[in-house]
Amino acid sequence: MPAPSRSALLLSGLLAAAGAAHFAAPRGFDAIVPKALPGEPRHWTRLSGVAEVALAAGVAYPRTRRSAAGLTGAFFVAVLPANLQMAADWRDRPAPQRAMAYARLPLQVPLILWAESVRRGAARRS
């Protein structure tokens with residue numbers, strides 16, 4: 001399997017697992033929904049879970065990979081406020097939990113770059 005396809009499938013797997021986690025254990029995701037968003041946090045948890053599963057499917061399928069990977073990068077940017085909310089809310093938690101919350105912030109950058117790399121790799125094959 002070519003490296004670009006392998007990278008796309010790994011990204012797809014990460015998205016699918018994260019999306020499924022939104023339904024399997026929603027409370028943790030509910031807790032980091034920014035309070036500025038209207039409605040119940042569970043609505044946003046479900047919506048983001050559905051988005052991640054849909055993006056996973058789009059990235060996995062070669063014909064939709066390019067656009068889905070671009071949308072995935074945008075999605076990773078869009079969820080940054082939830083990671084900021086988590087970091088703010090967890091600043092008084094024990095050090096290991098605080099470290100996990102703070103580590104999520106810089107991890108968004110490689111995720112965004114990974115999605116862009118998959119998008120560019122798909123563009124070469126279209």
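Colleague: How much space lies in the largest pocket?

Modeller: About 800 Å³ lies in that pocket (an open set of 1 Å grid points where a 1.4 Å probe fits, with protein on both sides within 12 Å along at least five of seven lines). This is a predicted model, in which local features need pLDDT of at least 70 and side-chain atom pairs pLDDT 80 or more, whereas totals for linings use all residues. Residues are numbered from 1 along each chain, and side-chain values use heavy atoms, without hydrogens or water.

Colleague: Which residues lie nearest its centre?

Modeller: His 22, Glu 52, Val 79, Ala 82 and Arg 104 do, out of 30 lining residues (an atom within 4 Å of a point).

Colleague: And which helix gives the most to that lining?

Modeller: Helix 3, with 6 residues, where a helix is a DSSP run of H or I, at least four residues long.

Colleague: Switching to Thr 72, is that residue buried or exposed?

Modeller: Thr 72, which is found in helix 4 (residues 65-78), counts as buried because its relative accessibility is 0% (the limit is under 20%, with a 1.4 Å probe).

Colleague: What is Thr 72 in contact with?

Modeller: Beyond its neighbours within four places in sequence, Thr 72 is in contact (heavy atoms within 4.5 Å) with Leu 11, Leu 15, Leu 55, Val 59 and Ala 115.

Colleague: How many residues make up the largest nonpolar core?

Modeller: There are 12, including Leu 11, Leu 15, Leu 55, Val 59 and Ala 115 (a core joins buried nonpolar residues through side-chain atoms within 4.5 Å). Helix 4 supplies the largest share of this core, 4 residues.

Terms used: Helices (H or I, at least four residues) and strands (E, at least two) are DSSP runs, numbered from the N terminus. Buried means under 20% relative accessible area, exposed over 50%, partly exposed in between (1.4 Å probe, protein chains only). Grid points are joined across faces, edges and corners, and a volume is the space filled by probe spheres set on the points.
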